[in-house]
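Q: Please take a close look at how the strands of the sheet are put together, and follow individual residues wherever they help to place one strand against another.

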Amino acid sequence: MGEFWPVADVLTYLAGSWRVERAVRDLASDAEGRFTGTTVFGPLEDPEDAGLLHHESGTFVWQGVARPAERTLRFLRGPAAGTALVEFSDGRPFHDLDLSSGRHIADHPCSADLYRGEFTVYTEDRWRTVWRVGGPAKDLVLTTDYARVRRHGSGDPC
């Protein structure tokens with residue numbers, strides 16, 4: 001998909017609403033699923049915290065069965081420009097994020113499985129994550145494309 005888009009401030013870049021399309025593939029069984037929905041990066045509950053609350057909601061279709069799905073994460077300001085620390089909603093650490101070059105690889109061990117995420121920013125309005133999950137319990141690839149939702153009057157003709 002071309003060159004990377006360096007991000008000077010991750011929280012400023014992510015703030016707002018994004019359309020989400022996620023393809024999920026179980027490499028062991030060759031089963032596939034799809035999530036479609038919206039991710040909103042808004043203020044954290046405590047205005048004193050420097051960060052964003054990530055709330056994703058939509059529909060996940062797995063083997064022909066559609067179900068509502070949602071998750072919440074916390075993106076906290078990182079130690080340097082262009083970085084963030086990502087936590088689960090309960091405060092447990094998930095991964096670091098450094099988009100200063102427009103691309104980042106992050107690891108998250110979960111029991112005996114390893115989640116390896118590749119984050120790629122393509123433009124000011126498009127980015128992607130690819131999580132490869134491998135280990136004794138899982139063998140998955142999750143590819144998520146994000147497209148910024150523009151508000152009317154923002155220069156977008158839609």
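A: Strands β3 and β4 run antiparallel and are joined by 12 bridges, where a strand is a DSSP run of E with at least two residues, numbered from the N terminus, and two strands pair if DSSP finds at least two bridges between them. The model is a predicted one, in which local features need pLDDT of at least 70 and side-chain atom pairs count only at pLDDT 80 or more, whereas totals for chains, interfaces and linings use all residues. Residues are numbered from 1 along each chain as its sequence is written, and side-chain values use heavy atoms, with hydrogens and water left out.

Within the pairing of β3 with β4, His54 stands opposite Leu73 in β4. The two strands form a hairpin with 2 residues between them, and in this hairpin Gln63 takes a positive phi near 50°. On its other pairing, strand β3 (residues 51–62) meets strand β2 (residues 32–43) in the antiparallel sense, over 11 bridges. Here His54 appears once more, as the bridge partner in β3 of Phe41, and so His54 is named both opposite Leu73 in β4 and as the partner of Phe41.

These pairings belong to an open sheet of 10 strands, paired antiparallel, whose order is β6-β5-β4-β3-β2-β1-β10-β9-β8-β7. The edge strands of this sheet are β6 (93–98) and β7 (103–110), each of which pairs on one side only. Direction ignored, neighbouring strands of the sheet are turned by 20° against each other on average, with axes taken as lines fitted to C-alpha atoms and angles otherwise running from 0 to 180 degrees between N-to-C directions.

Further along the order, strand β1 (residues 16–26) and strand β10 (residues 139–148) pair in the antiparallel sense over 9 bridges, and Trp18 stands opposite Arg148 in β10.

To return to an edge of the sheet, the edge strand β6 holds His95. His95 counts as buried because its relative accessibility is 8%, buried meaning under 20% relative accessible area with a 1.4 Å probe and protein chains only, exposed over 50%, and partly exposed in between. Apart from its neighbours within four places in sequence, His95 is in contact (heavy atoms within 4.5 Å) with Leu85, Val86, Ala106, Asp107, Phe119 and Trp131. Among these partners, Ala106 and Asp107 fall within the residue range 103–110 of β7, the other edge strand.

Notes
Helices (H or I, at least four residues) and strands (E, at least two) are DSSP runs, numbered from the N terminus.
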